[in-house]
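Reader: Could you show me how to read pockets and sheets in a protein model?
Author: Happily; let us look at one together.

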Amino acid sequence: MLTTTLSAWMTTLRHQLHAHPELALHEVATTKLIAQTLSGLGVRLLDYPGETGVVAEIGHGAPIIALRADIDALPVEETNDLPYASKIPGRMHACGHDFHTASLLGAARLLKAREADLPGTVRLIFQPAEEGHRGARIMIDNGVLTGVQAIAGFHNMPNLPVGTVAMKSGPLMASNDNFDVTIQGQGAHAAMPEASHDPIVTLGELIGNLQTIRSRNIAPDAALVLTIGAIQAGTTYNVIPNTASLKGTIRTFNAANRALAKQRFYEIVNATAKMNQQVATIEWDRGPSCVTNDETITRLLKTAFENDFKLVPAQLCNADDDFALYQERVPGCYGFLGSGGGVLHQSNYQCDDAGLAYGARFHELAALALLKWAR
């Protein structure tokens with residue numbers, strides 16, 4: 001498929017990125033490394049006003065299609081005993097964005113070698129801050145989709161074997177809404193609860209009440225997850241606190257259900273607090289919409305990939321990805337690429353470097369197919 005030299009080159013880049021992870025919107029050294037690598041290949045860098053992130057182009061003229069990779073790491077302490085393990089305490093490429101970045105750099109090298117034959121322009125988007133769903137919005141606001149007619153990308157998937165691509169048209173990854181609720185009550189001595197408006201009791205009721213959104217408002221055959229991931233209340237055993245809080249997330253694949261879940265969330269939280277003579281404050285973080293693959297683009301890429309990959313149907317994934325924001329503006333396809341190894345977002349996450357060759361080939365074939373389609 002690819003030369004041993006190119007695979008080794010991508011592996012070296014990934015290990016360098018993995019050893020020096022940077023969090024969302026702080027990818028300064030990562031940005032510098034990407035820009036230097038592309039410049040060394042003779043790839044043209046575009047002026048990009050963001051503090052982190054890189055945009056580059058290969059080829060000339062219309063049509064313009066785009067390929068995207070995310071570059072940020074997670075606030076996770078790595079536990080792997082690897083020669084290239086993270087050197088930064090509390091930070092790790094636990095989602096494989098180093099794999100994504102190295103793969104797109106490999107594709108840049110492949111596409112640059114055939115630049116004279118490209119029937120248009122391939123725009124390379126190295127996006128910061130996918131974690132926390134801010135990066136795509138920033139890049140779009142800075143014009144990275146100007147003139148773009150289609151976009152492609154992938155996420156590595158450790159539970160799939162190397163050489164496998166999972167794809168489907170329509171919804172693929174869930175929308176994401178995060179919530180943070182604070183209950184303002186009245187504290188008291190734990191032995192005198194009648195003097196309090198206990199926010200911990202209210203918190204307990206909310207934990208159960210909020211699950212009725214899924215069980216009693218959403219059809220049984222529709223996918224929706226409401227998870228409370230953190231609770232905070234009190235500091236000691238004999239004091240009822242003044243406040244209590246919880247935070248969590250809602251994931252779904254349906255815009256109407258997403259809106260209904262938010263409506264019912266506010267109603268339940270406020271009513272439960274009022275019933276207990278307390279006041280609720282809700283902070284709502286609207287994240288990306290559902291990653292939704294264009295049917296024509298997906299069919300096109302499946303055809304382009306059939307000789308180089310084992311293609312399998314993709315399953316719906318409750319994780320989110322702000323690639324969805326690009327797809328709201330231009331047709332695109334996002335796939336899952338087998339990377340073999342551990343579990344995403346865990347301190348012992350690993351991936352197989354052999355998958356990098358397939359990552360570069362994914363981008364190269366996608367670019368060629370999209371350019372031909374867009375003419």
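Author: We will take the second largest pocket and then the sheet. This is a predicted model, where local features need pLDDT of at least 70, side-chain atom pairs count only at pLDDT 80 or more, and totals for chains, interfaces and linings use all residues. Residues are numbered from 1 along each chain as its sequence is written, and side-chain values use heavy atoms, with hydrogens and water left out.

Reader: How much space lies in the second largest pocket?
Author: Rolling a probe the size of a water molecule over the atoms shows where empty space is left. A pocket is an open set of points on a 1 Å grid over the protein atoms alone, where a 1.4 Å probe fits, with protein on both sides within 12 Å along at least five of seven lines. Here the second largest pocket holds about 200 Å³, a volume being the space filled by probe spheres set on the points, joined across faces, edges and corners.

Reader: Which residues line the second largest pocket?
Author: Lining residues have an atom within 4 Å of a point. Among them are Asn-178, Lys-247, Glu-283 and Trp-284.

Reader: What is the strand order in the open sheet?
Author: Strands are DSSP runs (E, at least two residues), numbered from the N terminus, and two of them pair if DSSP finds at least two bridges between them. The four strands run S10-S12-S8-S13, with antiparallel pairing. S10 and S13 are at the edges with a single partner strand each, so one side of each has no neighbour in the sheet.

Reader: How many bridges join S8 and S13?
Author: Eight, in the antiparallel sense; Val-181 has Ile-282 in S13 as its bridge partner.
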